[in-house]
Each structure stands twice: as structure tokens, then as C-alpha cells.
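Here's a walk through one model, from the overall fold down to a few residues worth a click. Keep the viewer open while you read.

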Amino acid sequence: MNIQSTLRAEAALTISHVNLHYAHPDDGPAAALLLETAGLAKTQEIDLPRGGVFYRFTTNALSPFEGDNIVYLSPLPAATAALLAAARKALSFGTADEHPSVAAYRAAQAVDPEYNFHVGFLHKSLDRLEEHYLALKGLEADDPRFAGRLKFLVNRAQPGEVEIDARLDASPVFAGVTRHTYGRNGVQAFCETDLIVDGPLGGGVVLEFDYVFPGYNDHILAVSTTGR
Ligand SMILES: [Fe+2]
């Protein structure tokens with residue numbers, strides 16, 4: 001390795017891990033199955049003394065024990081759960097007297113799944129993205145643990161590239177979709193679930209699955225054409 005490539009290697013910074021939580025101990029196995037179905041590889045599972053299970057996943061099954069590409073999943077810590085409960089109570093969450101900011105927040109999130117914190121995964125194959133996304137829909141349809149707990153929404157690539165348009169017209173996930181990505185030459189498929197806790201009031205997390213078509217410098221994860 002010459003000096004320049006050594007310097008480049010030392011300058012590289014990758015995302016090591018994302019730490020996710022499930023709210024109820026009973027949700028642990030379903031939340032873990034959700035991540036596996038999405039394409040992550042489970043590398044560790046430990047029963048915790050305080051109850052619940054700790055899981056380690058990697059997005060890179062070819063190098064599963066590297067220090068990056070990790071997703072941790074564990075029970076929501078007690079202090080966080082208490083804080084979320086207090087915040088919900090203060091806002092009369094889910095009651096007729098609910099603070100109006102909650103409905104406004106829900107409405108914004110429903111229109112744009114990227115409105116809040118979310119976790120994005122990049123597939124290197126559109127076929128694999130479709131396969132895993134359809135499998136997630138299968139969980140929702142076939143397994144009662146997931147019934148009503150997964151929401152799906154997809155953004156198709158902006159039209160204009162003949163080959164991309166034709167591929168998406170033939171897609172079991174993106175055919176007929178009229179929502180479009182902010183940027184070009186890629187697609188986004190979202191799965192929101194309350195099996196995993198996130199957001200200011202402990203609602204669901206959004207998992208995003210992306211694909212960028214090869215050969216384009218101006219793809220969705222390189223250039224956004226609309227500000228966020
Ligand atoms: Fe995103």
C-alpha cells in the first residue's frame with residue numbers, strides 16, 4: 001500500500017453501529033425477525049438478566065465481526081420508557097384531549113417517512129431489495145405478531161431514464177407508484193414499525209431500503225434535488 005492509499009484509508013470513517021430498542025419484552029423476537037427478514041444477519045443473541053434479549057446484527061454478512069455495519073437491538077431502557085410515558089401523559093396522548101401538536105406530527109410523518117430520525121440501508125441489488133421488501137410484506141400478511149404493526153410506502157425514481165423507467169414498470173414493488181425520490185436514479189422503500197421504538201414520543205421507527213442504479217453520479221444518495 002503506497003502512502004497516498006494509506007492516507008486515504010486512515011481518513012475513512014464508517015458508521016459503526018445503530019442502537020435500536022423494542023418497547024415490550026414480548027416484541028423482541030418479532031423485532032429481530034423483522035431485521036433478519038429485511039436482510040440483516042443476526043450474529044449474537046443474549047438473554048439479559050433484567051429481562052429481554054440483546055441482539056447484534058450486521059448488514060455485511062461477508063465480514064460479520066467487523067466494527068462497522070452493526071445494528072444492535074435490545075429492550076427499551078427503564079428510564080427511557082418512564083420518560084416517554086410521562087411525556088405521553090402530559091400530552092394526553094391517544095385521548096380526546098390530545099395536544100394538537102401530536103396530530104400535526106403524525107400527519108407530517110405520514111406524508112414523509114423521512115421526516116424524523118430513520119435508518120437507511122443500501123441494497124447493492126434491486127432484485128434483493130424487492131425480494132426482502134416483499135418478504136416484509138409477507139410477515140405483515142401471514143404472521144399475527146406483525147398484523148397492523150408494519151406500514152409500507154415507496155418512492156420510485158424520478159422519471160426520464162428509459163432503462164430505469166422500464167425496470168421499475170416491471171417491478172413487483174415499484175410498478176404504478178406515483179411518489180418519487182428527492183434525487184434521481186435510485187429508489188426508496190420504507191417500512192415503519194412500532195415493534196421498534198423511536199421518535200419523540202416512542203412511536204415507530206422507519207427503516208429505509210435504498211437502491212441506486214449503477215453508472216450515475218447524480219443518484220439519490222449523492223445529490224438531493226429538493227431541500228429537507
Ligand atoms: Fe432517508
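A189 lies in strand β7, residues 186-198; helices (H or I, at least four residues) and strands (E, at least two) here are DSSP runs, numbered from the N terminus. If you start from A189, you'll find it touches L129, Y133, V154, V173 and F209, not counting residues up to four places away in sequence. Contact means that the C-beta atoms of two residues, placed from the backbone, lie within 7 Å.

Before going further, a word on the ground rules. This is a predicted model, in which local features need pLDDT of at least 70 and side-chain atom pairs count only at pLDDT 80 or more, while totals for chains, interfaces and linings use all residues. Residues are numbered from 1 along each chain as its sequence is written.

**The whole chain**

The protein chain has six helices and eight strands. Read from the N terminus on, the elements go α-β-α-β-β-β-α-α-β-α-β-α-β-β. Its C-alpha atoms fill a box of roughly 50 × 45 × 35 Å along the principal axes. For 228 residues, a compact globule would have a radius of gyration near 17 Å, and the 19 Å of the protein chain agrees with that; the radius is taken over C-alpha atoms, and the globule rule is 2.2 Å times the number of residues to the power 0.38.

Of the 228 residues, 28% count as buried. A residue is buried if 20 or more other C-beta atoms lie within 10 Å of its own, exposed if 12 or fewer, and partly exposed in between, with C-beta atoms placed from the backbone. Among contacts with a separation of 6 or more, residues 24 or more positions apart account for 61%.

**The core**

Back to A189: it counts as buried because it has 26 C-beta neighbours inside 10 Å. Which residues have the most contacts inside the largest nonpolar core? They are Y22, L35, L73 and A189, in a core of 39 residues. A nonpolar core is a set of buried Ala, Val, Leu, Ile, Met, Phe, Trp, Tyr and Cys residues joined through C-beta atoms within 7 Å. At least two residues of this core come from each of β1 (17-22), α2 (28-37), β3 (53-58), β4 (70-75), α5 (126-142), α6 (162-169), β7 and β8 (203-212). The largest share, seven residues, is supplied by β7.

L35 is in contact with L40, F57, V71 and L73, leaving aside its neighbours within four places in sequence. As for A189 and I70, they are 119 residues apart along the chain, and their C-alpha atoms are separated by 20 Å.

**Strand pairing**

Strands pair if DSSP finds at least two bridges between them. Strand β2 (residues 41-47) runs antiparallel to β3, joined by six bridges. In that pair, E45 stands opposite Y55, and D47 stands opposite V53. The two strands form a hairpin with five residues between them, and G51 in the turn has a positive phi of about 100 degrees. On to β3 and β4: they also run antiparallel, with four bridges joining them, and T58 stands opposite I70.

**Two helices in the open**

Helices α3 and α4 are easy to check with a ruler, since the expected span of a helix is 1.5 Å times one less than its number of residues.

| Helix | Residues | Expected span | End-to-end C-alpha distance |
|---|---|---|---|
| α3 | 78-90 (13 residues) | 18 Å | 18 Å |
| α4 | 100-111 (12 residues) | 16 Å | 17 Å |

The ends agree with the rule for α3 and for α4. How many of the 12 residues of α4 are buried? The number is zero, so α4 lies largely in the open. The count of buried residues in α3 is zero too, and this helix is hardly covered.

**Positive phi outside glycine**

S92, just after α3, sits in the loop between α3 and α4. Its phi is positive, about 50 degrees, although S92 is not a glycine. With 12 C-beta neighbours inside 10 Å, S92 counts as exposed.

N69, in the loop between β3 and β4, has a positive phi near 65 degrees and is also a residue other than glycine. Is N69 buried or exposed? N69 is buried, because 21 other C-beta atoms lie within 10 Å.
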